Amino acid sequence: MNSTKARLTERVRAAVVTYGAAAKRDPYRLHYHLTPLVGLLNDPNGFVQYRGEYHLFYQWNPFITEHGSKFWGHWTSMDLVNWRAKPVALAPDEWYDKNGCYSGSAVEHEGKLILFYTGNVRDEQGGRETYQCMAISEDGIRFRKHGPVIHLPQGYTPHFRDPKVWRKDGSWYMVVGAQSRELQGQAVLFRSSNLRDWTYLGPIAGSGLQCLGEFGYMWECPDLFRLNGRGVLIVCPQGLEPEGDRYHNLYQSGYFLGDLEEEVAKFDHGPFDELDRGFDFYAPQTTLDNRGRRLLFGWMGLPDGEEHHPTVAHHWIHAMTLPRELRVSKGRLIQRPVEELCQLRRNEVVHSRTEICGKGVALEGVDGEALEIEVDLLENRSETFAIDFRGAACLIYDRRDGRLMLERTAWKDGKKERRFCRIDRLARLRIFLDASSIEIFVNEGEEVFTSRFYPDVDNRSIAFSAPEGITVDLKKWELASVP
Ligand code: FRU
């Protein structure tokens, strides 16, 4: 361990000792989501299965609840539900990553776990340098840095980061998020035969390319894979203007479906669609597991108004989403919570063929702060159907125009804010509530709304409204806490 790493490791330990208990005591602390022990968490990184175990790394500033020189925190799990914290995997302790070990990915090769990440370097004048770096582990826990393997290619600004690596037909490929000299956001492809020497192949998608037109000044966190016979590019464009119901968050996170030919750096794709309709979703990353599932974690947050989150007073901020399984069906990316999450269920409450008629109706045993609710809408005679969550968030479906809305009370100023999507017919909802988060999967994962919310801690009520009446099958479970 170099002396900078030793010093930083000691500072991380001290931060956890000093603030960890306060973070744990926060009534808004999540029960079954991954959260930082202290400090700020952002992107999921290096999501991979290695020697049968899932590894998930994350962008972490352990010292304060603001962005800064990021570390890679590290968790492992056998089942995607119970996770164990491991020692910090990467610290910003070398000249090429001194201002942050930024986002990246992991692959297994010849029995080793290999990380690719962006070394972020700033100078006194606010200038930026970027290096795509490699680190290797023999045991999946301790990583040896190998330094930069890719320097900035010509034609790009130093906003060039977040390498995602995969293997195809004996070659390695890497997609990187980029900004061209013309300030266009792009995803750029590289190829390697040995993971150390990389050849630049060019942009495969981006603002101003193909028929896309202007589409953001920077693309972050790209991920490129095949699923159910289609090529999928997930990417986070910055700089899109709101358009109708879309693009209302600070930055966007979405996907293109297309035909992918890595060998010739080609990805003919269709239009962009948002992955999630909620307020807090960004920088997702996927991996393929040994059961052939394409799994995704997202950051349940955005770098927007962070100083206002009440958790900041308890020295922590942000969380990961629940893990989701992806599928492509009828030209859409479908997301479902992984089946392992059913392990968390306790104390089932069932309401079969139940009539709800009126406003603010409570159902026996349906309340709480860490729970899952599954609702099948059997007969909907009502123009609107709404579920209020603890007085601080509300899901409202308007059958007349097929619009589904999530409304929450902003904690900054107490005002209502709203996000929307359209669906043909609302048939089923699966809702996961945690102390200060909500994830709503609509119609088997056709749409998802992911958000934080901060209700009064004593308010545990769930209230249903259907003025003209609705018949539902409903199940509710308390969800267990995982340490
Ligand atoms: C996305 C992002 C990445 C970067 C990382 C830094 O949230 O800005 O592009 O690598 O966060 O923490």
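Select Cys133 and Pro148 to begin: Pro148, in β8, is the bridge partner of Cys133. The model on screen is a predicted one. Now widen the selection to β7 and to strand β8, residues 144-150; the two run antiparallel and are joined by five bridges. Six residues lie between these strands in their hairpin, where Gly140 takes a positive phi near 80°.

Stay with β7 and add the strand on its other hairpin. Strand β6 covers residues 112-122 and strand β7 covers residues 128-137; 10 bridges join them, and they run antiparallel. For a single pair, pick Asn120, which stands opposite Thr130 in β7. The hairpin of β6 and β7 has five residues between its strands, and Gly126 in that turn has a positive phi of about 85°.

**The sheet β13 to β16**

Next, show β13, β14, β15 and β16. In that order these four strands form an open sheet with antiparallel pairing. Look at the edges: β13 and β16 (266-274) each have a single partner strand, so one side of each has no neighbour in the sheet. Neighbouring strands here are turned against each other by 25° on average, direction ignored.

Within this sheet, select residues 254-261, which make up strand β15; its antiparallel pairing with β16 runs over seven bridges. Phe256 is a useful marker, with Phe272 of β16 opposite. As background, strands of a sheet pair through backbone hydrogen bonds, either parallel or antiparallel.

**The sheet β17 to β21**

Move to another open sheet of four strands, ordered β17-β18-β20-β21 and paired in the antiparallel sense. The edge positions belong to β17 and β21 (332-337); each has a single partner strand, so one side of each is left without a neighbour in the sheet. On average, neighbouring strands of this sheet are turned by 35° against each other, direction ignored. Strand β20, residues 324-329, pairs with β21 over six bridges in the antiparallel sense. Select Val328 to find Leu333 of β21 opposite.

**Around the ligand**

Now select the ligand and the residues around it. Which of the 13 residues come nearest? They are Gln59, Tyr102, Ser103, Glu220 and Ala283. Five strands each supply at least two residues of the shell: β1 (39-50), β5 (101-109), β9 (156-168), β13 (218-227) and β17 (282-288). Two of these names have already come up on the tour, since β13 is an edge strand of one open sheet and β17 is an edge strand of the other. Coloured by class, the shell shows four nonpolar, four polar and five charged residues.

**One residue in β22**

Go on to Val361, in strand β22 (residues 345-361). Is Val361 buried or exposed? Val361 is partly exposed, because 16 other C-beta atoms lie within 10 Å, whereas a buried residue has 20 or more and an exposed one 12 or fewer. Leaving aside residues up to four places away in sequence, Val361 touches Ile356, Ala463, Phe464 and Ser465. Arg381 is 20 residues from Val361 along the chain, and their C-alpha atoms are 16 Å apart.

**The whole protein**

Finally, zoom out. The protein has one helix and 31 strands. Its radius of gyration is 22 Å, close to the 23 Å that the globule rule gives for 483 residues, so the protein is as compact as a globular protein of that length. Along the principal axes, its C-alpha atoms fill a box of roughly 65 × 55 × 45 Å. Of the 483 residues, 47% count as buried. Among contacts with a separation of 6 or more, 57% are between residues 24 or more positions apart.

Definitions and conventions
Residues are numbered from 1 along each chain as its sequence is written. This is a predicted model: local features need pLDDT of at least 70, side-chain atom pairs count only at pLDDT 80 or more; totals for chains, interfaces and linings use all residues. A residue is near a molecule or strand if its C-beta atom, placed from the backbone, lies within 6 Å of it. Ala, Val, Leu, Ile, Met, Phe, Trp, Tyr, Cys and Pro count as nonpolar, Asp, Glu, Lys and Arg as charged, and the others, Gly among them, as polar. Two strands pair if DSSP finds at least two bridges between them. Axes are lines fitted to C-alpha atoms, for helices over the stretch in contact, and angles run from 0 to 180 degrees between N-to-C directions. Two residues are in contact if their C-beta atoms, placed from the backbone, lie within 7 Å. The radius of gyration is taken over C-alpha atoms; the globule rule is 2.2 Å times the number of residues to the power 0.38.
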